[in-house]
2 protein chains.
Amino acid sequence: MPTHARERLVAAAEQLFYEEGIRAVGVERLLAVSGVGRASFYRHFPSKDDLVLAMLSGYDERFREWLAHALREAGDDPAALFDALAERFGTSALRGCASIRTMIEFVDPDHPLHRAAAAHKEAVVADLDRWLAGLGRADHAELAAQFLLLIDGAVVSAIRERGPGPAHRAKRIARALLAAQP
Amino acid sequence: MPTHARERLVAAAEQLFYEEGIRAVGVERLLAVSGVGRASFYRHFPSKDDLVLAMLSGYDERFREWLAHALREAGDDPAALFDALAERFGTSALRGCASIRTMIEFVDPDHPLHRAAAAHKEAVVADLDRWLAGLGRADHAELAAQFLLLIDGAVVSAIRERGPGPAHRAKRIARALLAAQP
DNA sequence: TCGAGTTGGTACCGATCGGTTCGATTCGGA
DNA sequence: TCCGAATCGAACCGATCGGTACCAACTCGA
């Protein structure tokens, strides 16, 4: 199965970067796990950073697809979004989200990988904003930012705690938030 | 000034690890910035990881001192804690907190550095819990965990946004939270 | 004053880093 | 079936990684 070198590289990157970290995984490991030759790697990606970029792009797409589905399921109850988050936390082993981790591993705000990871978060908050506005909430902009803060806080908490607990906690906070300004 | 090699190493570690990341900074840079000789480094710290441990220990001490002071200032209004957080965000350039960043850079939950960083968070939530219990809140345990979720969420948001905005946002959430269960 | 202990500086170690180059082989479309 | 394109594997590059060993200079207490 020597075909699709690019796809196998991205798949290996997603797995290894998630399990161990970006800086912690060298090109050698990526080649070994993906079974891709060194030359093929650098034909598809000018540098390791470009592979990280491709990984981030895939993460952005998949996460926001998941988010869109979760928002549809939530109906007209914004707090229900955190039920979907709890489900997400329950299934996978929790090592944070690719965006937060990339922003932190490449903490210089001018670094291309930091910018790309931050752009994902801004896209997510824009998605949330549109959704809340569609639900007729006057405070949609502020509420969207607050929801992202709750999501990120839950993700960071979940790194230590394992399991859906932090997502449930975030949901209870969201409930209080919605009750305050109905 | 050839004395105090250890203190200078820890100071350089705090600065460089914060500005660039732990894995991103090699021993060479630490020696150059601190002005410490290579042999002196390894006399004080058996390995680079032990220097990270010392940095974390200093961070834990200083942060919790700051927290204790902020809690005293807050008086009987729990949400006022986030005013202190906003002040903290306003002054320093924001690149996250040492604990979150260490947990993420060493994401394996069994890694000694991950454990040390996680232990700091657990100590913080214990501090919050004692404080809230002292204020007579029946929901102190849950509220403490929720407060830490808000703090961590604000820290992650502040990495992208700069400035005290995320702390103010967290304060508004905290207000709603306290209003829900007075 | 003197000597033990700490210091900074340097050379060096094997391993790994990201990246380049050159075949030998295999795949896939015409 | 055949040929170009894509593939894998390995040798190789300079740089840097974390860590060791040795040395001359310095500090400081007895």
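**Notebook: two DNA strands and a chain contact**

I began with the protein elements beside DNA strand C: α2 (27-34) and α3 (38-44) of chain A, and α3 (38-44) of chain B, each supply at least two residues of that surface. I note here that this is a predicted model.

Next I asked which element gives the most to the surface near DNA strand C. I found α3(B), with 4 residues.

I then listed the surroundings of DNA strand C and got 20 residues. The closest are Gly26(A) and Ser47(A) from chain A, with Gly37(B), Arg38(B) and Ser40(B) from chain B. I sorted the surface by class: 8 nonpolar, 7 polar and 5 charged residues.

I turned to DNA strand D. I found 20 residues around this strand. Gly37(A), Ser40(A), Gly26(B), Ala39(B) and Ser47(B) come nearest. For the surface near DNA strand D, α3 of chain A, α2 (27-34) of chain B and α3 of chain B each supply at least two residues. I saw the largest share, 4 residues, come from α3(A). The classes near DNA strand D are 8 nonpolar, 7 polar and 5 charged.

Last, I looked at where the protein chains touch. How many residues does each chain put into the contact? I read 34 residues from chain A and 34 residues from chain B. On the chain B side, α6 (98-105), α7 (112-134), α8 (140-161) and α9 (165-180) each supply at least two residues. I noted that α8(B) has the largest share of that side, 12 residues. By class, the side of chain B that touches chain A holds 20 nonpolar, 5 polar and 9 charged residues.

Conventions
Residues numbered from 1 in each chain as written. Chains lettered and ligands numbered in written order. Predicted model: local features only at pLDDT ≥ 70, side-chain atom pairs only at ≥ 80, totals over all residues. Near = placed C-beta within 6 Å. Nonpolar A, V, L, I, M, F, W, Y, C, P; charged D, E, K, R; others polar. Contact = placed C-beta atoms within 7 Å.
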